[in-house]
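Me: I would like to go through this structure with you and ask, for some of the terms used to describe it, what justifies them. Here it is.

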There are 2 protein chains.
Amino acid sequence: MQEHLVIIGGGAAGAKAAAKARKQDTDLKISLYDKNYYISYSACGLTYYIENIIDDYHRLLARSSEKFKEENIDIYTKHEVINILPNEHKIIVKNIENNTEFQVEYTKLLIATGTRAFIPKLDRSNFKNVFILRTIDDGIAIKNQILTSKKAVIIGAGFIGIEAAEAFYNRGLEVIIIEASSQILSSFDKDIAFQVQEYLEKEKSIKIITNDRVKKLISDNNEVKQIETNSGKIIDADTLLLAVGVKPNSELAESAGIQLGKTKAIKVNERMQTNIEDIYAAGDCVEQTNIITQKSTWIPLGSTSNKQGRIAALNITGKNAKFKGVLGTLALKVFNYAITKTGLSEKEAEENKYNYEISTITLKDRAGYYPGVENITIKLMADKLTKKLLGAQIIGKGDADKRINILAAALTANMTVDELLDVDLSYTPAYSTTIDPVLIAARILQKKIKNI
Amino acid sequence: MQEHLVIIGGGAAGAKAAAKARKQDTDLKISLYDKNYYISYSACGLTYYIENIIDDYHRLLARSSEKFKEENIDIYTKHEVINILPNEHKIIVKNIENNTEFQVEYTKLLIATGTRAFIPKLDRSNFKNVFILRTIDDGIAIKNQILTSKKAVIIGAGFIGIEAAEAFYNRGLEVIIIEASSQILSSFDKDIAFQVQEYLEKEKSIKIITNDRVKKLISDNNEVKQIETNSGKIIDADTLLLAVGVKPNSELAESAGIQLGKTKAIKVNERMQTNIEDIYAAGDCVEQTNIITQKSTWIPLGSTSNKQGRIAALNITGKNAKFKGVLGTLALKVFNYAITKTGLSEKEAEENKYNYEISTITLKDRAGYYPGVENITIKLMADKLTKKLLGAQIIGKGDADKRINILAAALTANMTVDELLDVDLSYTPAYSTTIDPVLIAARILQKKIKNI
């Protein structure tokens, strides 16, 4: 019998795995099932489509159906996998369009079901102007909506909420964000998140309400007109975006007896294997190991998904590849402001009971006389005893994103502050100060630690 | 007796050392002698001044005389140190303005005499339109000259030659570069240097003549009018810039019995001490240890000078600080093209008899659909046996400079290609592709090595 790799989910991990498996093994039968119509697209680019930075959503497609066909990969969209039968090496698939069900046998199965939007207790299907932003269809619907919209309210000040705020603002809408917690961007520390908030409020007049929640939607003729919050505010809105976060699509796996981690995402080993033979999982639906703490974490990111898809495919096709873990390195561009992070935040260092020291400093990103010079704020953290680096957050109008990856490399190498200071970084006035801001931050941190 | 730190040279290393020593020790008497009028300026910014990106050269001054005065550091400009008497702990200084000589006693001496232009066998003092570019005075003279100049010839296609070419071109001059060797930018590999050359020739119409030398200057009334080359070319020119390289100012040290290295720069240990007690040296006049080969090298760069000045000052004032060595990480921006390097080039790997493998690939620097996307070419090299990274060169119109420093960190950490692939780099469509180009280059290199 021909070997058959079945992949559930055509997002970053699933699509990458299909392509990589084909490269490794030209004889393998490969089938990919996805309940949506579009697969293998850049979900991170949806807000650019709404903002009109990209006019055609087809440009977000990483790999076209034709490309998959050329590579002899069978794609079944609008097909939902509703059950996994591990003992029989079978899945049960529902064709969403004609509502029929059928079984498919697999030799190896890869679960790459990704995430779904966490939706607050509001039945959004009742309203035609309430949206989430996960798929291309969501993007199309929102882009259509804002043609006539004047005032958008976004629930949730995470990455999607903040990026959508930029898109709406640049399309001429008035924008209000309502965030339940006391700060925006919850994976960042409060002092850093507050700088970003100040930028959005003062330089872009985006209104941000923290410590408040939606209590009630006031509607008329299936359209939300106003939002009443817990604190009693009544806010007009003609577009409402729910962006309160995502959760892993792990229920299908769980119901088949596949072990989940404590984060409720699927538990896999370094080779992306679940606890059940011949079943792998990769991408946003699995939990990862944090490289710093060596504990389980769940940080769904496109870069991680792509890597895991590749590693799963290599192992499925007989190679031995390992995924070591994540630092949660991330970058976000909002207007001309970069927001980046790698490793632990102060909050996370506290939770993990590190005895840490911090330096936070705002510096020029290039020679003061060079045109375009801007500030960046670097928050750098190390263990007081071992001097090992723990994490960094870099934000600002200047080149923050190019610095965070230096620290990602340093963290992966388990460097101390002293070792970081030995790194020979490039200098030219157009790109950096004589001593790169990262090293200046490290000098200050080193000094603080030594003076204990 | 009060301790007296005497510093010879007010460039990056000397000025930094003075400031740092003052921070460490408020009682120390600090004197700095420099034969030039301007000290503590960004020599790397001189071409920006010529180009008029910066209108006033005072903006290049990192630390003003007033600032030094405030910090109780005695600055003697237009004072040349002509002799060091180690046994007597004295130097002999000549006041250039009134041509008098005097002696100064030191407790500790720091030699930070930098480099000087290597000048071909042409007596440039005979001609009023032949220049070198080392000091602010040189910059002022050139900027004045090109007000009426139409055609510049630059001898030497190193960093200064290439940067000056941009400045002249953007000021409306026709530019021709004559380079004696077979390629521009000699520290880069030929294939990489050739890409840069092609860019300059095709997109900026800068003429570059390699494998040729100046044979004769044809002049009239103390002005060079034409240049005759070895190959017989006669080239018109009304401005001639000599940029054939620099050499360390180490003769003063050598004549005092201070040991030079095989590179003819001053030999120092990790604490920046020369072989003679109480005499330190730092900056462009000293040789460094190459972190990859652990051999002596001489790569004069402003970033290194600044670090060494700081380390010398820490040791002079009783701390224990070490300079571990260099990767020669460098970045150059020419027009909108970035030229960067860290670690060994292929040429250097060959000279050092490494058994190396290379991947060279041209990739997009961010999501293909994101505005401003540009290509970068990455040449990545590792040892075939140990898989240890050896060096990288990254060039292009895209964000090359932000990637080279990731590799500088990886090289400092002695990472293998496999370990580099474990680094969790950030991803957002505006700044990167899902898998950063650096990691794609590493994947290709890993594959090439494994298939041996």
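Me: In this predicted model, what makes strands β10 (residues 151-155) and β11 of chain B a pair?
Reply: Two strands pair if DSSP finds at least two bridges between them, and β10(B) and β11(B) are joined in the parallel sense over five bridges, so the criterion is met. One of the residue pairs is Ile154(B) with its bridge partner Ile177(B) in β11(B).

Me: How do you know that β11(B) also pairs with strand β12 (residues 207-209) of chain B?
Reply: The requirement is at least two bridges, and three bridges join β11(B) to β12(B), the two strands running parallel. Here Ile176(B) of the one strand stands opposite Lys207(B) of the other.

Me: What kind of unit do these strands make with the helices α5 (residues 159-170) and α6 (residues 190-204) of chain B?
Reply: β10(B), α5(B) and β11(B) make a right-handed β-α-β unit, and β11(B), α6(B) and β12(B) likewise make a right-handed β-α-β unit.

Me: Why is β11(B), residues 174-178, described as largely enclosed?
Reply: Buried means under 20% relative accessible area, and four of the five residues of β11(B) are buried, so the strand is largely enclosed by the rest of the structure.

Me: Why is Asn414(A) called partly exposed?
Reply: Its relative accessible area is 45%, and because the term covers values between the 20% limit for buried and the 50% limit for exposed, Asn414(A) is partly exposed. Asn414(A) lies in the loop between α10 (401-412) and α11 (417-421) of chain A.

Me: Which residues is Asn414(A) in contact with, once its neighbours within four places in sequence are left aside?
Reply: Contact means heavy atoms within 4.5 Å, and Asn414(A) is in contact with Lys388(A) and Glu419(A). Asn414(A) and Ile291(A), 123 residues apart in sequence, are 9.2 Å apart in space, C-alpha to C-alpha.

Me: How does the span of helix α12 (residues 437-450) of chain A stand against the expected value?
Reply: With 14 residues, α12(A) reaches 20 Å from its first C-alpha to its last, which is close to the 20 Å expected at 1.5 Å a residue. Its buried residues include Val438(A), Ala441(A), Ala442(A), Leu445(A) and Ile449(A).

Me: What makes the relation of chain B to chain A that of a two-fold axis?
Reply: A rotation of 180° with 0.0 Å of shift along its axis superposes chain B on chain A, with an RMSD of 0.0 Å, and that is the relation of a two-fold axis. The same surface serves both copies, since 100% of the contact residues of chain B recur in chain A.

Note on methods:
Residues are numbered from 1 along each chain as its sequence is written. Chains are lettered from A and ligands numbered from 1 in the order in which they are written. This is a predicted model: local features need pLDDT of at least 70, side-chain atom pairs count only at pLDDT 80 or more; totals for chains, interfaces and linings use all residues. Side-chain values use heavy atoms; hydrogens and water are left out. Buried means under 20% relative accessible area, exposed over 50%, partly exposed in between (1.4 Å probe, protein chains only). A crossover is right-handed if, with the strands pointing away from the viewer, the path from the first strand over the helix to the second runs clockwise. Copies are superposed by least squares on the C-alpha atoms of residues with pLDDT of at least 70 in both. The expected span of a helix is 1.5 Å times one less than its number of residues.
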